[in-house]
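Here is a quick walk through one protein model, written for someone who would rather look at the structure than at tables. Keep the viewer open and follow along.

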Amino acid sequence: MRAFRGRSGVTRRAALGGLALGLAGACGCNARKDGIRPDNLLGGFGSNRGEMIEPKRVTLRMAILSRPFRDPTINDTVWRSVDEQAVAPAERQALQANGVRIGRITGDLPRELEALLNAPPPNKVEPVTFLVPESTQELFTLAEPLDQVSLLLNLAGRVTGKDYSQASGFYRVTPEHHDAGSVALRLTPEVHHGQVQTSYQPLQPGPGYSPQEFKIANGQQQDALSDLTANLVVEPNQTVVLGCHPDQERSLGAFLFTASGDQPDQRTQRMVLIWADRNQMGVIDERGRKTAPLEPVAEAAPTPARDESPR
C-alpha cells in the first residue's frame, strides 16, 4: 500500500508540474528561443500593435420646426426643393395615403428654411444631436399626448378607424453604415397609447445555460406601423425632411405633424429635419488614441497584355 501511495504521489506531482508549465506557456511566461516574451495576448486583434478597429457609430441631428397651420414655407416652399422620389414608390404611396410626406434635400437648404433655423432668439431652432452605435433605434417624439384621438389608417389598401386614449406620436429611426460613406436610415412611425403599465422584459440571454434575466419596464402600449416604414440613404450633404399633407384630417400625418391650440387660429404645423453622418473609421491604439482613418485599399490596375505577334 505504501508503494502504491508513493507512485500516486509522484504521478500527481508530475501532473501538477505539467499543468503549471502549460499555464505558464499560455500566459507568456515560458522562455522562447529568441528571448522575446509577448506583451499582449490580444496583439493579433486589429493590428500588430494591439490596435482595435473603432466601433461603427452614427451622428444623428434632429430639428423640429413649428409654424402656423398651413404656413407657406413648410407647407409649400420647402417641398419644392425636396426630392420625394428618394423614397421607394410603394413606400411613398403608402405614406401619401396616410398624410405623411418624406423626402431628401441635397446641398444647401432653401433660404426660407435657413431663415427659420437661424431666427433670432427666442425663435431660433437648436437641433438635438445623438451619437449612437449603428443599428441602434432612436425614438423621436413628435406628437404630444392627447386624451383622445381617432385616426383613419390606410394599411395594405384597407382603411380602418382606430381610437386611442392618451396617445403620443413618435418616429423610430434606425441608422446603419452604407456604401461610400453614406448612412441608411429606416424610419417607422409609432403610436404609444393607454395607461402606463409595468412589464418584465427579457434581457439578452447570456452564454451557455445561464438563467434568463429580466428588467422591469414602465410604458404604454406601442403600435409600430411597420407598413409605413420609409428607407432612405443619406449622404453627408443631404437632409431628410418629414412633414404632412395637412388637409387629410384624421390621418396619421395630421396627428404627427399638427397640433391644435386653445383657439382655432392657434393651430400649428410641424416639419422635421434629420441629418446623419457616420464616424470616420480608424483605429484606436492601446492608449485609447485614435489614429488616422482607414483608407480603402485600391485595387491594382491590370497589367496590359504584351503583343507577342511577329513583326
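## Odd backbone spots

R250 sits in the loop between β10 and α5. Its phi is positive, about 65°, even though R250 is not a glycine. Bear in mind that this is a predicted model, so what you see here is computed. As for cover, R250 has 41% relative accessibility and therefore counts as partly exposed.

Q166 is another residue with a positive phi, about 50° this time, and it is not a glycine either. You'll find Q166 in strand β6, which covers residues 158–177. With 32% relative accessibility, Q166 is classed as partly exposed. Then there is the peptide bond from P121 to P122, which is cis, with omega near 10°. P122 belongs to the loop between α4 (111–117) and β4 (128–133). Why flag these spots? Most residues other than glycine have a negative phi, and most peptide bonds are trans.

## The chain as a whole

Zooming out, the protein chain has 5 helices and 13 strands. It runs to 311 residues, and 35% of them are buried. The accessible surface adds up to about 20200 Å², with 52% of that belonging to carbon and sulfur atoms.

How do the contacts spread along the sequence? Taking contacts between residues at least 6 apart in sequence, 70% join residues at least 24 apart.

## Strands β3 and β10

Is strand β3 largely enclosed or largely open? Of the 7 residues in β3 (residues 100–106), 6 are buried, so the rest of the structure largely encloses this strand. Its partner to look at is strand β10 (residues 238–244): the two pair in the antiparallel sense over 7 bridges. To find your place in the pairing, pick G103, which stands opposite V241 in β10.

L242 is a good residue to click on in strand β10. Its relative accessibility is 1%, which is under the 20% cut-off, so L242 counts as buried. L242 and I102 are 140 residues apart in sequence, yet C-alpha to C-alpha they are 4.6 Å apart in space. If you set aside neighbours within four places in sequence, L242 is in contact with W79, R101, I102, Y171, L187, F257, M271, V272 and I274. When you look along strands like these, remember that in a regular strand the side chains alternate between the two faces of the sheet.

## H193 and its contacts

Over in strand β7 (residues 183–202) you'll find H193. Is H193 buried or exposed? At 11% relative accessibility, H193 counts as buried.

Beyond its neighbours within four places in sequence, H193 is in contact with Y164, S165, Q166, A167, Q220, Q221 and D223. One of those contacts, Q166, is the residue with the positive phi of about 50° from the opening section.

## The cavity

How many cavities of 30 Å³ or more are there? The count is 1. The largest cavity has a volume of about 40 Å³. Its lining is made up of E84, V87, R92, L95, Q96, V100, R101 and I102.

Both α3 (89–97) and β3 supply at least two residues each to that lining. By type, the lining divides into 4 nonpolar, 1 polar and 3 charged residues. Two of the names should ring a bell: R101 and I102 line the cavity, and R101 and I102 are also among the contacts of L242.

## The largest pocket

The largest pocket holds about 320 Å³ of space. There are 16 residues in its lining, and L146, A254, F255, T258 and S260 lie nearest the centre. So which strand gives the largest share of the lining? That is β5, with 6 residues.

At least two lining residues each come from β5 (138–155), α5 (252–257) and β11 (258–259). The pocket lining is a mix of 7 nonpolar, 4 polar and 5 charged residues. One link back to the start: α5 is one of the elements that line this pocket, and the loop between β10 and α5 is where R250 is placed.

Technical notes: Residues are numbered from 1 along each chain as its sequence is written. This is a predicted model: local features need pLDDT of at least 70, side-chain atom pairs count only at pLDDT 80 or more; totals for chains, interfaces and linings use all residues. Side-chain values use heavy atoms; hydrogens and water are left out. Helices (H or I, at least four residues) and strands (E, at least two) are DSSP runs, numbered from the N terminus. Buried means under 20% relative accessible area, exposed over 50%, partly exposed in between (1.4 Å probe, protein chains only). Contact means heavy atoms within 4.5 Å. Two strands pair if DSSP finds at least two bridges between them. Accessible areas come from the Shrake-Rupley method with a 1.4 Å probe; for residues, only the protein chains shown count as cover. On a 1 Å grid over the protein atoms alone, a cavity is a set of points where a 1.4 Å probe fits but cannot get out, and a pocket is an open set with protein on both sides within 12 Å along at least five of seven lines; lining residues have an atom within 4 Å of a point. Grid points are joined across faces, edges and corners, and a volume is the space filled by probe spheres set on the points. Ala, Val, Leu, Ile, Met, Phe, Trp, Tyr, Cys and Pro count as nonpolar, Asp, Glu, Lys and Arg as charged, and the others, Gly among them, as polar.
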